[in-house]
Every structure is written in structure tokens, then in C-alpha cells.
Amino acid sequence: MALYKREFGESFNLGFNLADYPWLTDKSWHNDMSPSFFFKVGIQHLVLWVDYETPDDREQSEERYLVMTAINEGTDSEPEINTDEDSEVVFTTESPSELTAYLKKLASAH
């Protein structure tokens, strides 16, 4: 079972097929507001947050998909990728199709 499903329930809908993006590493944790996945573009680590499909189920009024800069507090072989107060939003959308277009554009960097 995928980590995000274990942490947020088997019925959690990402809105996209995670298998299409094997470079997204699931870092979901039940203490977070929503599932999250990290990846790297060049030397920059990024985190994709995927919020609940229904806005009423969200803890904050953010859009459903949010990509932020992140830092690696671990090593290359054992990464600990986290966002902090210095993290910047680099992409946000409510639309699964806009997210997948963004991810496909990034896929060329992998």
C-alpha cells in the first residue's frame, strides 16, 4: 500500500496517477495536513503537497496542489526533505490537469 494511503486513507484521491511520476517520492506523514511527495530538479529539492479534493475537507484555504522549495536535512543517500519558513511556493493550482502538465514539463529534468 502506498504511504499516502496508509497515512490519509485508502480512498484519498490524488487526482493523478502516481505511477506516471516514479521520481516523486512519497513522504506523507499523518501529522501533516495532507500527503506530500519530494523530488529534485537540478540541485533544488521540491515538495508537492496534495490537499483534499473537497475544499471543505482542507485545514487551510490553499489550492489543492502546491509545490514548494525544500531543503535536505539528511544526506543524498538518506534524504530528509522538509519545507521551512524560508520555503517558497513555486507552483499552485486547483486543477489536476494543470498539475500533470507541470509535472510532465519537469519530467524532462529527470
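**Aromatic rings**

I began with the aromatic rings of this predicted model, and I noted that ring pairs join Tyr 4, Phe 8, Phe 12, Phe 37 and Tyr 52 into a cluster. My count of aromatic pairs came to 9. One of them is formed by Phe 12 and Tyr 52, which I recorded as edge-to-face, with 5.0 Å centre to centre and 65° between the planes. This pair links distant parts of the chain, since Phe 12 sits in the loop between α1 and β1 (25-26) and Tyr 52 in the loop between β3 and β4, 40 residues apart. I then looked up the accessibility of both partners: Phe 12 counts as buried because its relative accessibility is 7%, under the 20% limit, whereas Tyr 52, at 25%, counts as partly exposed.

I turned next to Phe 91 and Tyr 102, which form a stacked pair with 4.1 Å centre to centre and 10° between the planes. Phe 91 belongs to strand β6 and Tyr 102 to helix α2, so this pair ties together parts 11 residues apart in sequence. I entered Phe 91 and Tyr 102 as buried.

**Nonpolar cores**

In the largest nonpolar core I found 21 residues, of which Leu 14, Phe 16, Leu 24, Phe 37, Phe 39, Leu 48 and Val 50 touch the most other members. The elements giving two or more residues to this core are α1 (3-8), β2 (36-41), β3, β4 and α2 (96-107), and α2 gives the most, with 4 residues. I followed Leu 24 further and, leaving aside neighbours within four places in sequence, listed its contacts as Phe 16, Leu 18, Phe 37, Phe 38, Phe 39, Leu 48 and Leu 103. I also noted a second, separate core of 7 residues, which includes Val 47, Leu 66, Met 68 and Ala 70.

**The largest pocket**

For the largest pocket I wrote down a volume of about 190 Å³. Its lining includes Met 33, Trp 49, Asp 51, Glu 62, Arg 64, Leu 66 and Met 68, and the elements that give two or more residues to this lining are β3 (44-50) and β4 (65-72). I sorted the lining residues into 5 nonpolar, 3 polar and 4 charged.

**Glu 88**

I closed with Glu 88, which I located in the loop between β5 (81-82) and β6 (89-93). I marked Glu 88 as exposed because its relative accessible area is 54%, over the 50% limit. Not counting residues up to four places away in sequence, Glu 88 touches Val 67, Met 68 and Thr 69. I also noted that the C-alpha atoms of Glu 88 and Phe 39, 49 residues apart along the chain, are separated by 15 Å.

Key. Residues are numbered from 1 along each chain as its sequence is written. This is a predicted model: local features need pLDDT of at least 70, side-chain atom pairs count only at pLDDT 80 or more; totals for chains, interfaces and linings use all residues. Side-chain values use heavy atoms; hydrogens and water are left out. On a 1 Å grid over the protein atoms alone, a cavity is a set of points where a 1.4 Å probe fits but cannot get out, and a pocket is an open set with protein on both sides within 12 Å along at least five of seven lines; lining residues have an atom within 4 Å of a point. Grid points are joined across faces, edges and corners, and a volume is the space filled by probe spheres set on the points. Ala, Val, Leu, Ile, Met, Phe, Trp, Tyr, Cys and Pro count as nonpolar, Asp, Glu, Lys and Arg as charged, and the others, Gly among them, as polar. A nonpolar core is a set of buried Ala, Val, Leu, Ile, Met, Phe, Trp, Tyr and Cys residues joined through side-chain atoms within 4.5 Å. Buried means under 20% relative accessible area, exposed over 50%, partly exposed in between (1.4 Å probe, protein chains only). Contact means heavy atoms within 4.5 Å. Rings of Phe, Tyr and Trp (its six-membered ring) pair if their centres lie within 6.5 Å; planes under 30 degrees apart count as stacked, over 60 as edge-to-face and the rest as tilted.
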